[in-house]
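Trainee: I've got a model to go through and a pile of questions. Can we take them one at a time?

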Amino acid sequence: MPKARKVMRYSALIACAAIWWLAGLYLYLSPKLPEESALRNITLRTPMRVLSRDGALIGQFGEQKRKPLQFEQIPQSFIDALLAAEDDGFFEHGGIEPLSLMRAVSELLLTGKKGSGGSTLTMQVARNYFLTLDQTFLRKFTEILLAFQIEARLSKEEIFELYVNRVFLGHRAYGFEAAAETYYGKPLAELTLAQHAMLAGVPKAPSRNNPLSNPEKGKIRRDWILGRMASLGMINETEQAAAQDTPITASFYGQVVEVDADYIAEMVRREMIERFGNAAYNDGYVVYTTVEAKLQQAAHDALLSGLRTYDWRHGWRGPERRLAPREGESPEETLGRWQEALRDMPTIAKLPPGIVTAVGDEAVSVLLKSGDAIALSWEGDLEKVRQYRSVNQTTAPEKKAAALLAPGDLIRIRETDEGWRLTQVPKAQSALVSLDPKHGAIRALVGGMGFELSKFNRATQAKRQPGSNFKPFLYASALETGITPSTVINDAPVVLDNLSAADIWRPENDSGKFYGPTRLREALTFSRNLVSIRVLQRVGVRPFIRYVESLGFDTEDIPANLTLALGTHTYTPLEIATGYAILANEGFKVEPWLIERIENAKGEIVYAADPLVACAECAYAEGSEGEEMRMEDILGTAVPEVRAADRVMDPRVAFIISSFLNDAIQRGTGRRARVLERQDISGKTGTTNGPRDAWFSGFNRDLITTAWVGFDDYGPLGRREFGGTAALPIWIDYMRQALPPARPAPPMPPGIVRLRVDRASGLRVRGQPEGSVMEYFLEESLPDWDTNSGGAIDTENLEQIF
């Protein structure tokens, strides 16, 4: 018995020492455990989402893809699968499973390595949110203590929710909702039993067991989980067998962007970083933009279509690469080399790559990146292809396909209603900006073709010469200084040698012709350059610079010479569109804006836009109920106060210039836009020397849109390319979908007089004589009476002819 007492004594001492040691360890670790507030206010690293005004996903930023779920949103089928895989006693235990834990701890103590799993879901939550992944005894004991604390503070549903939303599941997906969309392109609630079981098996080894990296191991794990579910009575044997027979259907979906708006998303990302720093990527912000999904997609598609059309009429430049079969290379080796080359080639501007595998008389066979083969037909496609010689010249169509293509040629193709067609990635670039002129909200913006090629945003960063696209502001300044719409100015040669000591400038019209005495309206309608120069001479260079500065244009470094009449100072498409908004909104200066509101992860609004509003008839008295209703009509949302935009242009001048530009569409340089069959649109072309830049800006009361086409390296577009041929078709394709239904014309502003004048002299006439036309005038600037019979010009009095 003494021996037995001795054993009992030693056992008691060991037990007491263990208790004291554990108590000391608890006292040491307990101050390091998180407070209850930390447990209840856990912040998930949730990416920033950028949405259109109507809720379509534009972009997502953040290293961790995550979409948190609440417990009620988690399907029961998945709950059962996860419990079967990780912790089937979760809803019964108090945070740990003693037997499993003792086995795991003993293995760790004896071997120093992690053995069989002993962690409950609660312990995994503790580890995932508050601890490191170091496999040490001290960390394991802290995990146990923290699991007890979590169980004491949170409900089982809250703990389960934390686990579902935090765990890493491969391919940058954190949380099961993000994983469902990454692997299956659907929310967790829409997945099948087999897919739920597959995802439930991923946490054990997320980089190896996910259905993309190792589908075979993933299937083994999935089938084991389905067996566990059956043994636990969660599913029956029939359901188990059916799910286990289901093939692996996972594919990489990434983020499901609903609108092509890469440049918009990047603009938002930059602004969010300025506002919130790197927290913008992880704090779950949702950014609602002013962009309308339908308009943005229409802008993107119109730009790509317009560039492809421009590029193709200048000829095919040949394959991007030539990968001809090598001497001594087997067909299998050649095919492998081609497939490898295709894997490395991205799809650009929705134009996939392909490699020619065979060339016949009737068709050309092409291998696609997917491994599929398609045919390009000779008849109706290749027989029409002209090859590029220069920007101004193409070859005649070839007589056979072999003159165009050879096996191994890496090309671009495009699927059409008539089948696959040969194409190429355009070298020219373009930009499009569309604003609501009432308050400057950006409704659509495309900064170029192929964000994957260049992140340079030509809509906001490319400063280019606008050419004649800038003339409306010169003519507006002319009206402000007393020149009238019927003032006659001579379109005749002019030679200027005062630009610099070495230069003599001999400007011309685009046509190379001179048109003689021309009324001001006709000069802008048909974009007469020589008239514009003489208008600037009358207005004065310095007064004109001050005028455009008052409109909001940047005049720093602007050249103070007569070339300004032809739009030689550089501006971005966004700046030009903002200027045209003044004409569209009766003279108010609004600022372009993109972010409508920002919500945090809780759905609380942390920022709401407060734009300047153009509203001549609104009462801006603070707190006015009528004002709030009017502003809701204008902004689409009720606001308690409104910031009134400054009026920087006489509304009568804006009205008259808009009527000039309506003529430009109905019978002038923009007449291609008549295809829209709209009487309420106004616009102006623009072309610079070379020509190197092609523009079109057009508007009505609801929308102002500017389109630009050019080369990034300032190369020439071709001698037959103008604003009306390169940029206007893009504008037309976009506005065809973007313009709202026509509204009645706005009333003529007070202070305008409508009179009949002689077409030739521009002088006022009585009655309705032949050769006369109605014209608008500022009431303080009326034309003189025509005292000549027949309306001929008084050649002895040329005050109105320079």
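Trainee: Let's jump right in: which residues line the second largest cavity?

Mentor: Keep in mind that this is a predicted model. The second largest cavity has a volume of about 30 Å³. Going around its wall, you meet L479, I483, T484, P485, F777, L778 and S781.

Trainee: And by class, how many residues of that lining are nonpolar, polar and charged?

Mentor: Sort the names by side chain: T484 and S781 are in the lining, and Thr and Ser belong with the polar class. Leu, Ile, Pro and Phe go in the nonpolar class. For the second largest cavity that gives five nonpolar, two polar and no charged residues.

Trainee: How many cavities of 30 Å³ or more are there, then?

Mentor: The largest cavity holds about 40 Å³ of space, and the second largest has about 30 Å³. With that cut-off, the count is two.

Trainee: Which helix gives the most to the lining of the largest cavity?

Mentor: Start with the residues that line the largest cavity: Y184, A194, Q195, M198, R222, P247, I248 and T249. By class they split into five nonpolar, two polar and one charged. Three of the lining residues come from residues 193-200, and that stretch is helix α9.

Trainee: Zooming out, what share of the contacts with a separation of 6 or more comes from residues 24 or more positions apart?

Mentor: First, the setting: the protein chain has 24 helices and 26 strands. Of its 802 residues, 53% count as buried. As for those contacts, the share from residues 24 or more positions apart is 68%.

Trainee: And how much of the exposed area do carbon and sulfur atoms supply?

Mentor: The protein chain exposes about 37,600 Å² in total. Of that area, the part supplied by carbon and sulfur atoms is 50%.

Trainee: On to single residues. Is I96 buried or exposed?

Mentor: I96 is found in the loop between α3 (76-86) and α4 (98-111). Its C-alpha is 7.8 Å from that of F148, 52 residues away along the chain. The relative accessible area of I96 is 14%, and the cut-off is under 20%, so I96 is buried.

Trainee: What about K513, buried or exposed?

Mentor: K513 also sits in a loop, between β14 (488-491) and β15 (516-519). Between K513 and D491, 22 residues apart in sequence, the C-alpha distance is 9.3 Å. With a relative accessible area of 53%, against a cut-off of over 50%, K513 is exposed.

Trainee: Which residue does the side chain of Q387 join in a polar contact?

Mentor: Place Q387 first: it is in the loop between β7 (373-377) and β8 (388-390). Setting aside residues up to four places away in sequence, Q387 touches G315, W316, T394, T395, E398, A403 and L404. The side-chain polar contact, at 2.8 Å, is with E398.

Trainee: Now some backbone oddities. Which peptide bond is cis, with omega near -10 degrees?

Mentor: Look in the loop between β22 (682-687) and β23 (693-699), where P691 lies. The cis bond is the one running from G690 to P691.

Trainee: A349 has a positive phi although it is not a glycine; is A349 buried or exposed?

Mentor: The phi of A349 is about 50 degrees, and A349 lies in the loop between α16 (331-343) and β5 (353-359). Its relative accessible area is 9%. With a cut-off of under 20%, A349 is therefore buried.

Trainee: Y714 has a positive phi too, so to speak of its surroundings: what is its relative accessible area?

Mentor: Y714 has a phi of about 65 degrees without being a glycine. Look for Y714 in the loop between β24 (704-710) and α24 (723-738). Y714 counts as partly exposed, with a relative accessible area of 44%.

Trainee: Last one: which residues is I348 in contact with, beyond its neighbours within four places in sequence?

Mentor: I348 is found in the loop between α16 and β5 and counts as buried, at 7% relative accessibility. The C-alpha atoms of I348 and R412 are 9.1 Å apart, with their positions 64 residues apart in sequence. The contacts of I348 are R412, V425, E452 and L453.

Key:
Residues are numbered from 1 along each chain as its sequence is written. This is a predicted model: local features need pLDDT of at least 70, side-chain atom pairs count only at pLDDT 80 or more; totals for chains, interfaces and linings use all residues. Side-chain values use heavy atoms; hydrogens and water are left out. Helices (H or I, at least four residues) and strands (E, at least two) are DSSP runs, numbered from the N terminus. Buried means under 20% relative accessible area, exposed over 50%, partly exposed in between (1.4 Å probe, protein chains only). Contact means heavy atoms within 4.5 Å. Accessible areas come from the Shrake-Rupley method with a 1.4 Å probe; for residues, only the protein chains shown count as cover. On a 1 Å grid over the protein atoms alone, a cavity is a set of points where a 1.4 Å probe fits but cannot get out, and a pocket is an open set with protein on both sides within 12 Å along at least five of seven lines; lining residues have an atom within 4 Å of a point. Grid points are joined across faces, edges and corners, and a volume is the space filled by probe spheres set on the points. A polar contact is a pair of N or O atoms within 3.5 Å; within protein, one must be able to donate a hydrogen and the other to accept it, and residues adjacent in sequence count only if both atoms are side-chain atoms.
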